Amino acid sequence: MNTEVTNAGVDASLNINPTLHFSALGLAQPILRAIADAGYTTPTPIQAKAIPLVLNGGDLLAGAQTGTGKTAGFTLPLLHLLHTKHQQAQAGKPRCLILTPTRELAAQVEESVKTYGKYLHLTSMVMFGGVNINPQTARLRKPLDILVATPGRLLDHVAQKNIDLSGVEFLVLDEADRMLDMGFVRDIKRILALLPKHRQNLLFSATFSNEIKALADSLLHNPGFVEVARRNTASEMVTQTVHLVKQANKTSLISYLIKTNDWKQVLIFTRTKHGANRLAEKLGKDGIPAAAIHGNKSQGARTKALADFKAGNIPVLVATDIAARGLDIDQLPQVVNFELPNMPEDYVHRIGRTGRAGASGAAVSLVDTEEMKYLKDIEKLIKREIPKVEVEGFVPPVRQEAEAPRPPKPQQQRRPQGAQQKTTQGQAQKQGQPKPKGNGKPLSEAARHQAKPQKPQFAPKGQVHHSGNRGR
Ligand code: AMP
């Protein structure tokens, strides 16, 4: 990675303090060497705050989303602690367990563990579903210090008695809010019950719903609290634009935009898996190579699509929100919302795919009149109006003009709302829509483990510990 770009970029986007160096945080030399190799000189705010707290041995509740450097925020101090409290690694008995909601995030976190731990004698592995279990079982027969896992596959290994979780000294719940959104609450509870009582716990979440607070209360003991870059802070580095367009003309418009602007790498969000497939197919027919990535795709297909996109072999990746979660694609210049999400926070998360690490980016949203209510909610959340721009030279195809616009369908994993019924723009704006309530249908990735009904949340127990910068 280019040092200059990285550090200049992070300074600009994350209010990094350039006078603070990693060397001041007390991390072991081999870790500092690996950090230097990665091209980082200064910790991001979440790292500057979280690393000393974790090194101190306390529990941590951290509010941070992908793109803030949160992964190194927990990986670096954990590597240090595992290294300095060195113990002989045992087969199938990890000392550190990191749980993530998605396969992609699990893979990326384990990659970070390997990157930052490359000069240490610690071992790691990643496990997730959707791939053959046997190689993972074979890997578990060898010594293991750090395990990065999605909850479902971990429980499969528990059921097969491939793994012993009684040696876990460090537990990380990464993107805990998304894990709860995905319906993993029961799985997490089952996993927690298998861990030893005495351990250090870190919980990372972009949002703090009551469910997350209850989970934190049940899991963490007198935690330190750090928070950076709230989820509802839209990136200043991203230029945002809205094109008002009928649903039926969106595919032609996106084709037109890609061709006329010569976009070389664009991530497009659709609300549904089916919509992602259909759009990728149509773009392909239009001479624009595109791949779709979503929960129904096999792990192999997802990995290949992402690798092809990252390598620049295909210019367009069409993704659903959940598949894109946690994707770390450096310097992504262009994000398109083919449909607006019905949860305004998801918009912020989507546009956060671009303008990362300080690079500038652009986010374009194609908005049908049916979606005006979503647009208003988004503008309210980000506290600014997004400019509505006409696309010069775009002539909608006559054939499609006659078609009735297809209203956006509710996302499978999201909570149904009134706005998804057909309304005119005027009606939609007048409707005082109730806030979505309750848990939505679990995602397919989680569905296998969600056959039975779940209790809505963890019961808080003992003292309530949240918020406030608690020095320890
Ligand atoms: P994360 O929020 O953990 O997904 O990290 C976002 C991106 O920031 C990743 O590409 C990291 O490699 C990069 N990054 C993490 N820490 C630093 C740092 N201290 N300086 C520069 N880049 C960083």
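In the next few minutes I will walk through some helix packing and one buried strand residue in this structure.

Please keep in mind throughout that this is a predicted model. To set the scene, the chain is built from 19 helices and 15 strands, and of its 472 residues, 47% are buried. If we take the contacts in the chain with a separation of 6 or more, then 79% of them are accounted for by residues 24 or more positions apart.

Let me start with helix H2, which covers residues 29–38, and where Ile-31, Ala-34 and Ile-35 are buried. These three sit on the same side of H2, because they cover an arc of only 100 degrees around the axis. The general background will be familiar: an α-helix has 3.6 residues a turn, so residues three or four places apart point the same way. What, then, covers the buried residues of H2? The cover includes helix H4, at residues 70–84, and helix H5, at residues 103–116. Just after H2 comes Gly-39, and its phi is positive, near 90 degrees.

Since H4 and H5 both help to cover H2, I would like to look next at how H4 and H5 meet each other. Two packed helices are described by the angle between their axes and the distance between the axes. For H4 and H5, the axes come within 10 Å and cross at roughly 45 degrees, and the two helices are therefore oblique to each other. The crossing in which H4 passes H5 is right-handed. On the H4 side the contact is made by Thr-71, Ala-72, Thr-75, Leu-76 and Leu-79, and on the H5 side by Val-109, Ser-112, Val-113 and Tyr-116. Sorted by class, this contact has six nonpolar and three polar residues, and no charged ones.

H4 also has helix H3, residues 45–55, as a partner, with axes that come within 9 Å and cross at roughly 25 degrees. H3 and H4 are therefore roughly parallel to each other, and their crossing is right-handed. From H3, the residues that meet H4 are Ile-46, Gln-47, Ala-50, Ile-51, Val-54 and Leu-55, while H4 brings Lys-70, Ala-72, Gly-73, Phe-74, Leu-76, Pro-77, Leu-78 and His-80. The contact of H3 with H4 has 10 nonpolar residues, three polar and one charged.

A further pair is helix H7, residues 151–159, with helix H9, residues 185–192, which pack at an angle of about 45 degrees with their axes 9 Å apart. That angle makes H7 oblique to H9, and here the crossing is left-handed. H7 contributes Pro-151, Gly-152, Leu-154 and Leu-155 to the contact, and H9 contributes Asp-187, Ile-188, Arg-190 and Ile-191. By class, the residues of the contact of H7 with H9 are five nonpolar, one polar and two charged.

Finally, let me turn from helices to a strand residue, Val-266, whose place is in strand S11, residues 266–269. Is Val-266 buried or exposed? It counts as buried, because it has 24 C-beta neighbours inside 10 Å, where the cut-off for a buried residue is 20 or more. Leaving aside residues up to four places away in sequence, Val-266 touches Ile-258, Pro-315, Val-316, Gln-334 and Val-336. As one last distance, the C-alpha atoms of Val-266 and Thr-354 are separated by 9.6 Å, although these residues are 88 residues apart along the chain.

Definitions and conventions:
Residues are numbered from 1 along each chain as its sequence is written. This is a predicted model: local features need pLDDT of at least 70, side-chain atom pairs count only at pLDDT 80 or more; totals for chains, interfaces and linings use all residues. A residue is buried if 20 or more other C-beta atoms lie within 10 Å of its own, exposed if 12 or fewer, and partly exposed in between; C-beta atoms are placed from the backbone. Helices (H or I, at least four residues) and strands (E, at least two) are DSSP runs, numbered from the N terminus. The arc is that of the directions from the helix axis to the C-beta atoms. Two residues are in contact if their C-beta atoms, placed from the backbone, lie within 7 Å. Axes are lines fitted to C-alpha atoms, for helices over the stretch in contact, and angles run from 0 to 180 degrees between N-to-C directions. Angles under 35 degrees count as roughly parallel, over 145 as roughly antiparallel, 65 to 115 as roughly perpendicular and the rest as oblique. A crossing is left-handed if the near helix is turned anticlockwise from the far one by less than a right angle, and right-handed if clockwise. Ala, Val, Leu, Ile, Met, Phe, Trp, Tyr, Cys and Pro count as nonpolar, Asp, Glu, Lys and Arg as charged, and the others, Gly among them, as polar.
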